[in-house]
Amino acid sequence: MAELTLVEAINDCFHVELGRDPDVMVLGEDVGRAGGVFRATAGLRDTFGPDRCFDTPLAEAGIMGAAVGLCMAGWRPVCEMQYDAFSYPGLDQLITHVGRYRWRTGGAMAFPLTIRMPYGGGVRAPELHDDSPETYYVHTPGVKVAIPSTPADAKGLLAAAIRSDDPVVVLEPKLHYRTLRGEVPEGEHVVELGKARIAREGSDVTLVAYGSMVPLCERAADELAGECSCEVLDVRTLKPLDEEALLASAAKTGRVVIVQEAPRTAGYGAELAAVLAEKAMLDLRGPVLRVTGYDVPYPYWQIEDAYMPSVERVARAVRKLLEY
Amino acid sequence: MAQVVPAERDLRRVIGDGDAVPDGEVEGLTEHDLLELHRSLVLLRTYDERSVVYHRQGRIGTYAIFWNHEAMQAGSVYALEDEDWIFPSYRESAIGLLRGMPARTILQWWRGHPSGWWNPADYNVASICVPIATHVPHAAGLAWGKKLRGETAVAIAYFGDGATSEGSFHEGANFAAVTGAPVVLFCNNNQWAISTPLSAQTRADALVDKAVGYGIPGIRVDGGDVLAVYEATREAVARARTGGGPTLIEAVTYRAAPHATADDPSAYIDPERVEEERKNECVGRYERYLRRLGVLDEAAAEQVRAEAAELMRTGIAEAEAEPPADVALVFEHAHVDPLPAFEDDLRELRGG
């Protein structure tokens, strides 16, 4: 085990996966010479050559579209979208082709491409460097979506995505690229898609979160330690959702608060709440509550903290639910 | 640094008009080749005309007509090797016929039956691209990917004049140029995007000029002249295969039929111009050329038409004889590892 930051764990994953499979290649803006604006792909160009860590023109739809063709030529491309909101031009390819092409071929051709990007706010960045676009991806048929919250999962989920024969979108919490350190298994490390993780055991309330909201929920659990026992469920894979883990935790605690950074309406939290409404009704002692971002453009960074779910807002929701 | 060469503006032509414009010839083409090209043209024409009839009879759904586009498709495909990949738009829906795909398959695609979806690797023909120009990056990616693997295959992507306004065309063309991808970007400029004329699509004098911006060669060819199309594509393919990167071909023609069976062009198109274009349509033009050359007689032409008609009769009969698709297919094929919810979904769909 090595102690790595989250972004170091991603870089470690790339070195392992490109080393074990000569069909894996990385393409994106500034991934080669610069090693990525966050250095997630640092060293790959030197180790594996410029063809397997390729600096593309500035063209997100072009990157995703070329990756579709690369799959047809036998490659397993990993596309970097430089920032969350920069991925939007690529949605055209994602929706019209990436998620559909295998289906279109009657299952005959696989499209094992991975799309990864830093996501989320809290980093005092300019506009459109702070979005949480997971819902767009989750809502796209044919595409799987994973969001790690720890360095070990950042490595393991990315490895699973790269090895998956289905297209997978991996969103990485950029807030924690360098602020979060953790033990990361050396060498090959794969975290199976579709499996949630209990980040913290508890008995009174379940906090359901993913990505950068998981550490926040852990802090909220600490804050509430004298009042109640919070379980923190790290969803890890948004699609397919580990319903079993969600329902088991809901059954155990009887209370659920969902915490999501993205805007509220029709966000992923709404899906989690709907699953609970359909399948956990009789286990619940109170309504499912959501603590989310607001239905606004992600704010100017001087006041961005007002947008982000906070320990205080999560604690308030938990107290409200306990008093229900 | 390569010198920027202006795209070739003059329309390349081989077939004359039987009068003032003399016939040319394409070096290396044998009489067999000339007749094979004719067979391809007739096959596509027959497919297209029968499809319009089948639509009117309610036997296929809405259909995108490609009447008078046959020369562009037949001429360019004849310049490819079997290892080369074709990326069709919906206007080239039947181009797989030229690679041995059964008519039944394509008819089923237009009938919305799951058996109309094929494995691209069986024919090196990608799936029909319905959105405009979004397959251009695919062709670039495939060609680049093959080149990286040391393979010699070339890709060709077909799109219309309207497609050159799309971002995907630009991103794909630029990607191809930057990576030196062995790809032919084949624009069938039929001068209409449903009701929007070319003049409302671009201020460029010629679409081929766009090649200059990507630093790639551009060729302009008469899209109704199957031999000129063949020769231009052969040149582009040879360049691509020998490391010369992409070429933009603008094939100029005129859409002498509705955009699709659901379209009524009388609201926007000049019927006299259409009539004039129909008189000079590409299959008849080539047949007259072959007759002037003494290569084709009426009996042989009739035989080719009869074979194509029979192929279509068989195709539609086979398509209609296939049993309806099982609804379980709704959940099939999108994923290698299906979503866990699908089992319950199917049970619920079946009333369980």
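Helices (H or I, at least four residues) and strands (E, at least two) are taken as DSSP runs and numbered from the N terminus. The model is predicted, with local features requiring pLDDT of at least 70 and side-chain atom pairs pLDDT 80 or more, whereas totals for chains, interfaces and linings use all residues. Residues are numbered from 1 along each chain as its sequence is written, and chains are lettered from A in the order in which they are written.

The largest pocket, an open set of points on a 1 Å grid where a 1.4 Å probe fits, with protein on both sides within 12 Å along at least five of seven lines, has a volume of about 1100 Å³, taken as the space filled by probe spheres set on the points. Its lining (residues with an atom within 4 Å of a point) comprises 37 residues, and A:K239, A:P240, A:L241, B:L339 and B:A341 lie nearest the centre. Helix α10(A) supplies the largest share of this lining, seven residues. Among the other elements that give two or more residues are α9 (243–253) of chain A and α12 (341–349) of chain B.

In chain A, an open sheet of five strands with mixed pairing runs in the order β9-β11-β10-β13-β14, where pairing requires at least two DSSP bridges between two strands. Strands β9 (197–200) and β14 (289–293) form its edges. Strands β13 (residues 256–263) and β14 of chain A pair in the parallel sense over five bridges, with A:Q260 opposite A:T292.

In chain B, helix α2 (residues 70–78) is largely enclosed by the rest of the structure, because eight of its nine residues are buried (under 20% relative accessible area, 1.4 Å probe, protein chains only). These include B:M72 and B:V77.

Methods:
Side-chain values use heavy atoms; hydrogens and water are left out. Buried means under 20% relative accessible area, exposed over 50%, partly exposed in between (1.4 Å probe, protein chains only).
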